[in-house]
Each structure stands twice: as C-alpha cells, then as structure tokens.
Amino acid sequence: MKRNLFITLVAFSFVFFSCYKEIDLEKYRPEPDLVLNGVISADTVVMLSISRTQFFTDTSRYEVVSDADVSLTVNSVFRETMRWTVDESFHGGGVYLSKYRPQTGDIIRIEAATPNGEVWVEETMPAKVSIEDITFSSRIIYDGKGYMMDENGNWVEVPKTEITYGITFTDNAMLTNYYYISITNSLPNRGTDNLIFSSDPVFVDQISVVDGLFGDHTIMGQGGRPFTDHLFNGRRYTLTVKERDASHYSPGRRITLYAITESYFNYLTTMQRAADAANNTNLSSFGFTEPIRIFTNIQGGVGIMATSQQDTVTIDLGDILKDHKE
C-alpha cells in the first residue's frame, strides 16, 4: 500500500512540475495604439479624449495625450482646432474642447495628429426620437431568494416588486435606425441593476445560440441595452422592459431613449456581449470560441467616437412602491 502511494506521488510530481514554464511577456509587448474616445451630442459642444493603450501587465495610469493637433470639420468645412483643457472632472485630467454644438444631420470629422501617429473618425449626428408615452404596472413575486425573521422568530419570504415599463415612440421608415434604452434612478449614486429585457422581442435575438443551448434565456442589463428597428421599421412601437426588486430603490426613474448611429450600436453591442459572456455560460468560457473583439470606428487607432440624441422622461413610482410595502 505504501509502495503504491509512493509511486502515485512520484507520478503526480512529474505532472505538477511539467505545468510550469517561465514566459518573458515583455517580448510580446506591442507598440501602443492611440485611443480616441468621445460621445457627441446635440446637448453640448464637441469634446473628446486622447490617450495611448497599455500592455495588460502595466499597473501605472494610462498615458494621456495632451499635445495633439486636433481639427474639427463639419459637413466638409473646417470649423476649428480643438483645444486641450485641463479639468480633473474628466477621466485623465483633461479633454479636447470645441465651441461647436452639433445639429441633426451634421457630418462630423475629427483628425488628430500626435508625435506617436495620426487618427481620424467621421460620424453623422442622428435625428432625435421622442418618447410619446410611458406606462407602468407592477406585481408582487415570490422567487424563494429572500427571507427575513418576523416578530415571532419565524423565517418568512420577503416578496419582490416587479415593475413593467412600456415606452412608446415612432420609428422613421426611411432609415435603418439604432437605439439605446436607459432606465436609471433619478437620484445620483443610486442604480437600477435589476433590469430584465427578455420580455421584448427586439432583445430576444441578442441571446447567443450557446446561452440558449445551456438554457439561459434571461437578458439582463446594467441600466440599459441597445436595439434596432428591424422588427418595427416605420411603425409606432411600445418597448417593454421589466425591473425586478424595485422596492429597494427610491421611487424616481429617469427613462431615456437614445437615437444612436450604427457605429455606436456595434460598440455597445460588443461591450454588452463581453459583459454577458463574463456573467453567463457560453463556449468562450470553455475556450472553444474566440474572445469578443470590441468594435472601434477610429481609423489608425482604437476607441469610439459616438454620436447620439436623446429624449428623457422622469416618472415617480412612489404610489406603487408604497402600496406594495404596506
């Protein structure tokens, strides 16, 4: 018996030692890429940040580029040279600012020349789509996940409040349109993390084939999710989103419908898929598929320059949440 145990341990020792190999990661370090990021809206002037990528082993703060020559062109006409402005409220300590506030249909082109290379991007400002109506209803659910002890020392299940939102708007039939719906708390630093998008067909096709095979059909979202008009092109449509366990939050909700470009949609979709892959079971978790590549529209670099317009409606769930607590 002891002899067999000794042979087994010796065999395992060879296995363990064979699993280690020293790798010099520095020889795989690539040249940094320029990163251009910004979201252009009709609500404010054009602004953006420029930085350089880091290797994944770097622990220092990423390198901000503050000496770039950045030009803004609108509808093929040069408008101005954007100026670097130090402002600690921006991530990185500053931002490139213009004086131009974009309008619907503007073709916005930004070119940036730096000591480390040049990048450019061109996007069109989409038209605003208005929220025409918002309805909401509620129900109490028992899912067996939350319990508390009552005054008699007995454990009782705590019910959850589920809110169903109906957001109505009209789509433009002349274009392929892209959207992002956001539902957030109206108070700062309070979230609505328990949003469920599975009840609306425009989100159902975002469930990956792999997740479907493993039985995962719930579409979650941290505050919002992108979608297209492929199921309701040119029609008045009511989008359905649910919020689970709403009673844990304050009653104010800010519902925002963003009209976005195809580039912004592709970027948000790949970001969402990456988040879904981290949270759900899929083949990439087992190494059978390629990692998700985050979309970029920056020519000569990486990042995203997005354009969007938004319409926001604030509602109060106070009466519903109060009734459900009583």
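Trainee: Which residue in β19 is the bridge partner of Ser-41?

Mentor: Ser-308. Keep in mind that this is a predicted model.

Trainee: In what sense do β1 and β19 pair, and over how many bridges?

Mentor: Parallel, over seven bridges. Strand β1 covers residues 34-41, and β19 covers residues 302-316.

Trainee: What about β1 and β2, parallel or antiparallel?

Mentor: Antiparallel, with four bridges joining β1 to β2, residues 47-52. One of the pairs there is Asn-37 with Ser-49. The two strands form a hairpin, and five residues lie between them.

Trainee: Why is β1 largely enclosed?

Mentor: Because six of its eight residues are buried.

Trainee: How many residues of β16 are buried?

Mentor: Five of five, over residues 224-228, so β16 is largely enclosed by the rest of the structure.

Trainee: Which side chains point which way from β16?

Mentor: Gly-224, Pro-226 and Thr-228 point one way. Arg-225 and Phe-227 point the other way. Residues on both sides are buried, the arginine at 225 included. As background, side chains in a regular strand alternate between the two faces of the sheet.

Trainee: Which strand is joined to β16 by five bridges?

Mentor: Strand β13, residues 178-185, and the two run antiparallel. Tyr-180 stands opposite Pro-226 of β16.

Trainee: Switching to loops. Where is Ser-98?

Mentor: In the loop between β6 (94-97) and β7 (107-114).

Trainee: Buried or exposed?

Mentor: Buried. Ser-98 has 4% relative accessibility, and the cut-off for buried is under 20%.

Trainee: What is Ser-98 in contact with, leaving aside its neighbours within four places in sequence?

Mentor: Val-45, Val-46, Leu-72, Glu-80, Met-82 and Arg-83. There is also a C-alpha distance to note: Ser-98 and Thr-81 are 7.4 Å apart in space and 17 residues apart in sequence.

Trainee: Now the outside. Which residues make the nonpolar surface patch of about 390 Å²?

Mentor: Tyr-147, Met-149 and Trp-155. Tyr-147 sits in strand β10, residues 147-149. Tyr-147 counts as partly exposed because its relative accessibility is 48%.

Trainee: How much area does the protein expose overall?

Mentor: About 19200 Å², with 53% supplied by carbon and sulfur atoms. Of the 326 residues, 40% are buried.

Trainee: And how many helices and strands?

Mentor: Five helices and 19 strands. Take the contacts with a separation of 6 or more: 70% of them link residues 24 or more positions apart.

Trainee: What is the mean pLDDT?

Mentor: It is 80 for the protein, and 73% of residues reach 70 or more.

Trainee: Which elements have the lowest and highest mean pLDDT?

Mentor: Helix α3, residues 209-213, is lowest at 40. Strand β4, residues 69-74, is highest at 97.

Trainee: Where is the pLDDT below 50, with zero contacts beyond near neighbours in sequence?

Mentor: Over residues 5-17. Residues 209-218 are also below 50, but that stretch has 17 contacts beyond near neighbours in sequence.

Trainee: What should not be read in detail there?

Mentor: The predicted coordinates, where pLDDT is low.

Technical notes: Residues numbered from 1 in each chain as written. Heavy atoms only, no water. Buried < 20%, exposed > 50% of the residue type's maximum accessible area, 1.4 Å probe, protein only. Contact = heavy atoms within 4.5 Å. Areas by Shrake-Rupley, 256 points an atom, 1.4 Å probe, with all protein chains shown as cover. Pairing = 2+ DSSP bridges. Patch = residues over 30% accessible without salt bridge, like charges linked within 9 Å, V, L, I, M, F, W, Y side chains within 5 Å. Salt bridge = Lys/Arg side-chain N within 4 Å of Asp/Glu carboxyl O. pLDDT = per-residue confidence, 0-100.
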